[in-house]
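Student: Could you take me through the nonpolar core of this model in detail? I would like the criteria spelled out along the way.

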Amino acid sequence: MWLAPERRSARRWAVPVLVLGAGLVVGGVLVADGRRGTALIALAVLAGYAAHLAYRRDEQGLAISEAFGRGHRGRTHLKAAAMTGDVLSAGLVAALVVQALRGADVAPYAWLALLAGVTYLVSALAGGRAP
């Protein structure tokens with residue numbers, strides 16, 4: 001039995017599912033155009049971004065060290081750093097999709113997206129451990 005019914009809300013999954021659906025549409029358009037490799041890259045990047053959004057939907061964002069300060073100031077700096085990363089990630093994903101649909105080279109954007117994903121994964125795994 002759930003004590004918090006709002007955790008079951010479908011609205012919390014709407015954006016990750018929408019991003020994954022966009023990945024399927026972009027991948028389908030690129031496959032129809034005969035660019036299977038680019039389609040797989042675009043689909044992988046959008047699926048990874050959807051997984052990132054799904055993981056972050058319940059994230060509290062607590063500082064694990066004094067590097068951001070304490071109290072309200074620490075939370076403000078941590079939220080600002082997280083928002084900066086989110087905006088840069090969204091811009092990178094959008095640039096990759098636009099380049100893929102234009103027929104341009106997506107390799108630099110794919111490498112940057114991979115670097116962003118690995119960096120977030122490492123920081124999430126390292127941040128989850130108690131010191």
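Tutor: Happy to; here is a walk through the core and two leucines. The model is predicted, so local features need pLDDT of at least 70 and side-chain atom pairs count only at pLDDT 80 or more, while totals for chains, interfaces and linings use all residues. Residues are numbered from 1 along each chain as its sequence is written, and side-chain values use heavy atoms, leaving out hydrogens and water.

A nonpolar core here is a set of buried Ala, Val, Leu, Ile, Met, Phe, Trp, Tyr and Cys residues joined through side-chain atoms within 4.5 Å, where buried means under 20% relative accessible area, exposed over 50% and partly exposed in between (1.4 Å probe, protein chains only). The largest such core has 17 residues, and V26, L30, L46 and L96 have the most contacts inside it. Two or more residues come from each of α1 (11-32), α2 (36-56), α3 (71-102) and α4 (107-127), with helices being DSSP runs of H or I, at least four residues, numbered from the N terminus. The largest contribution, six residues, is from α2.

Now for L30: beyond its neighbours within four places in sequence, L30 is in contact (heavy atoms within 4.5 Å) with R35, T38, A39, A42, A100 and L101.

L43 sits in helix α2. With 26% relative accessibility, L43 counts as partly exposed. Setting aside neighbours within four places in sequence, L43 is in contact with G23 and L24. Between L43 and G28 there are 9.1 Å in space, C-alpha to C-alpha, and the two are 15 residues apart in sequence.
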